Amino acid sequence: MAGKVLCEATKLYNILNQHINGRTRLSESNYLCLIDARAADSYHGSHIITARQAKRDSEGRFIMPADVEVESMKFIIVYDSATQSLSDSGPASDCAERLENSSRFPIQILSGGYERFSALYPFLRTHTILYTIRELESLNPYPVEILAGQLYMGDYKQATNPEILRDLKLSALVNVSDECSLMFKKAKCSVLHIRTADSAQADFTASFERLCVFIGSHLNMASPVLIFSSLGLSRCCAVAVAYLMHHLKYTLQEAWTHVQQCKPNMRPNPGLVVQLSQWELQTVGKRLTDISEHDY
């Protein structure tokens, strides 16, 4: 039995917005099965993007989704209106219990349910019930969320999308790509641009302090910040790791693990990893992370 676990809203947000080479992972057949266990009228009124309605038999018991390979599905997440605990009884818990015997991975119950998630991310609500593969592939992912409602990380395409800036209420951007856009001025965003090539020879050491101060000053004013680089995989990830080390006094390993949970395909180049090790010495007072390990 795989069991049940809680899934925080920010985790589901990040799961929905993973992409590889510009293509959303939602088009992968064994990636995510999101199940809405609310009543049918609530589901048809509005639901989380890509969610399917849970089916019941004639006696009102939940039945297995007919077209889902539950055993091989990486993420199976169930939600109802407002379940907040694994000890809560309700549709989400009942549906999860029906699924957990057939899954290799724990069935996740969305903490706070639809009410909390839709309040935090109203732009991820929809009335669409069925998606073609092409429609899934054409969905535009949002930047991942590093600190809930505060710090985001993404790529240049996302940073220059006015809809994304508006939906995430972004007014401060950290640009560590080579590119610059006039769109940022039109959007009235405060921008810190550290022009840096994606190279092992690129030197961020002198910029970490400035970057962290800029990010912290805006977060202290409740102004969400987006860190971005060209592809959203190397330079911006290094800056996000550096900020967590500076702000939360994380070790390099702790900050790396946090960002990797938000963006599993992150890959700061080797030169940046060495610089982050030096930053750990500066922020924590000693090197506690062995960067010779394969994970780095």
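Helices here are DSSP runs of H or I with at least four residues, numbered from the N terminus. With that settled, here's a look at the two biggest pockets in this predicted model.

Let's start with the second largest pocket, since α1 gives the most to its lining, with 4 residues. That helix spans 9–16, and α1, β10 (144–147) and α11 (252–262) each supply at least two lining residues. Which residues lie nearest the centre of the second largest pocket? They are Lys11, Asn14, Ile15, Gln261 and Cys262, out of 20 that line it.

Now for the largest pocket, at about 730 Å³. There are 31 lining residues, and the ones closest to the centre are Thr50, Arg52, Asp67, Val68 and Ile129. Which element supplies the largest share of this lining? That's β4, with 4 residues. The elements that each put at least two residues into the lining of the largest pocket are β4 (32–36), α2 (40–45), β6 (52–53), α3 (91–100) and α5 (133–137).

Here's how the two linings break down by class:

| Pocket | Volume | Nonpolar | Polar | Charged |
|---|---|---|---|---|
| Largest pocket | about 730 Å³ | 22 residues | 5 residues | 4 residues |
| Second largest pocket | about 400 Å³ | 9 residues | 6 residues | 5 residues |

If you're scanning the structure by eye, Arg52 and Asp67 are among the residues closest to the centre of the largest pocket, while Lys11 is one of those nearest the centre of the second largest pocket.

Definitions and conventions. Residues are numbered from 1 along each chain as its sequence is written. This is a predicted model: local features need pLDDT of at least 70, side-chain atom pairs count only at pLDDT 80 or more; totals for chains, interfaces and linings use all residues. Side-chain values use heavy atoms; hydrogens and water are left out. On a 1 Å grid over the protein atoms alone, a cavity is a set of points where a 1.4 Å probe fits but cannot get out, and a pocket is an open set with protein on both sides within 12 Å along at least five of seven lines; lining residues have an atom within 4 Å of a point. Grid points are joined across faces, edges and corners, and a volume is the space filled by probe spheres set on the points. Ala, Val, Leu, Ile, Met, Phe, Trp, Tyr, Cys and Pro count as nonpolar, Asp, Glu, Lys and Arg as charged, and the others, Gly among them, as polar.
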